[in-house]
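Please work through the exercises below with the sequence and the coordinates open side by side. Each task sentence is followed by a solution that goes step by step.

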Amino acid sequence: MAKVKTEISKAVGPNRKFEESDIENLPYMQAVMKESLRLHPPLPFLIPRETIQDTKFMGYDVPKGTQVLVNAWVIGRDPMSFKPDRFLGSKLDVHYELIPFGAGRRMCVGLPLGHRMMHFSLGSLLH
């Protein structure tokens with residue numbers, strides 16, 4: 001919390017309101033949001049998928065037409081500790097490497113708005 005507040009006070013200053021354009025200048029706050037979404041995804045299960053062909057996955061035979069549920073909550077729990085520094089300096093793609101909103105063609109259509117608003121809300125509250 002102290003690191004994010006310090007970063008915001010340096011980037012924004014005390015004499016003006018937090019603006020959407022300030023988000024790009026706050027890499028640590030962005031890392032905190034990514035780490036929060038990793039540990040606490042908006043929905044624990046992503047949209048169910050169906051296999052289009054017989055597949056062998058990690059030693060298991062998965063027949064064509066099997067419904068697959070992706071548990072984003074469990075995927076994000078390894079390791080369990082809150083360390084936003086892991087995201088600093090990386091150009092992590094929220095769409096594929098961090099999947100709180102799904103991935104590919106079936107990812108959440110509200111991702112750009114939701115992502116922007118979460119950063120803006122957190123920045124405004126901490127400022």
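**Exercise 1. Decide whether Gly76 is buried or exposed in this predicted model, and find what it touches.**

Solution. Start with the accessibility: Gly76 has a relative accessibility of 6%, and because buried means under 20% relative accessible area, Gly76 counts as buried. Next, place the residue in the chain, where Gly76 lies in the loop between helix H3 (72–75) and helix H4 (111–126). Then look for contacts beyond the neighbours within four places in sequence, which for Gly76 are Arg38 and Leu39. Finally, take the C-alpha atoms of Gly76 and Leu39, which are separated by 5.3 Å although the two residues are 37 residues apart along the chain.

**Exercise 2. Locate Asp22 and state which residues it contacts beyond its sequence neighbours.**

Solution. Asp22 is found in the loop between H1 and H2. With a relative accessibility of 4%, Asp22 counts as buried. Setting aside neighbours within four places in sequence, Asp22 is in contact with Val12, Arg16 and Lys17. As a last step, compare sequence and space for Asp22 and Ile8, which are 14 residues apart in sequence and 8.6 Å apart from C-alpha to C-alpha.

**Exercise 3. Identify the residues of the largest nonpolar core and the helices that supply them.**

Solution. The largest nonpolar core has ten residues in all, namely Val4, Ile8, Val12, Phe18, Ile23, Leu26, Tyr28, Met29, Val32 and Leu126. Helix H1 (2–12) and helix H2 (27–39) each supply at least two residues of this core. To follow one member further, take Tyr28, which, apart from neighbours within four places in sequence, is in contact with Lys3, Val4, Glu7, Pro84, Asp85 and Leu88.

**Exercise 4. Describe the backbone of Met58 and the setting of Met58 and Gly59 in their loop.**

Solution. Begin with the general expectation, which is that most residues other than glycine have a negative phi. Met58, which is not a glycine, nevertheless has a positive phi of about 50°. Met58 is found in the loop between strand S2 (55–57) and strand S3 (60–62), and Gly59 is found in the loop between S2 and S3 as well. For accessibility, Met58 is exposed with a relative accessible area of 69%, and Gly59 is exposed with a relative accessible area of 57%. To close, note that Gly59 and Val109, 50 residues apart in sequence, are 34 Å apart in space from C-alpha to C-alpha.

**Exercise 5. Work out whether Leu46 is buried or exposed, and list its contacts.**

Solution. Leu46 is found in the loop between H2 and strand S1 (49–50). The relative accessible area of Leu46 is 12%, and Leu46 is therefore buried, given that buried means under 20%. Leaving out neighbours within four places in sequence, Leu46 is in contact with Val70, Ala72, Ile99, Pro100 and Gly102. A further pair to check is Leu46 and Pro112, which are 66 residues apart along the chain and whose C-alpha atoms are separated by 17 Å.

**Exercise 6. Assemble an overall description of the chain, from its fold pattern to its surface and charges.**

Solution. First, count the elements: the chain has four helices and four strands, and along the sequence they follow the pattern α-α-β-β-β-β-α-α. Second, consider the dimensions, for which the C-alpha trace spans about 60 × 30 × 20 Å along its principal axes. The radius of gyration is 18 Å, whereas a compact globule of 127 residues would have one near 14 Å. Third, turn to packing, where 31% of the 127 residues count as buried, and where residues 24 or more positions apart account for 63% of the contacts with a separation of 6 or more. Fourth, take the surface, of which the chain exposes about 8700 Å², with carbon and sulfur atoms supplying 61% of it. Last, examine the charges: the chain has 17 positive and 13 negative charges, and their mean positions are 3 Å apart.

Technical notes:
Residues numbered from 1 in each chain as written. Predicted model: local features only at pLDDT ≥ 70, side-chain atom pairs only at ≥ 80, totals over all residues. Heavy atoms only, no water. Rg over C-alpha atoms; globule rule 2.2 N^0.38 Å. Buried < 20%, exposed > 50% of the residue type's maximum accessible area, 1.4 Å probe, protein only. Contact = heavy atoms within 4.5 Å. Areas by Shrake-Rupley, 256 points an atom, 1.4 Å probe, with all protein chains shown as cover. Lys, Arg positive; Asp, Glu negative; His and termini not counted. Charge placed at Lys NZ, Arg CZ, Asp CG, Glu CD. Core = buried A, V, L, I, M, F, W, Y, C linked by side-chain atoms within 4.5 Å.
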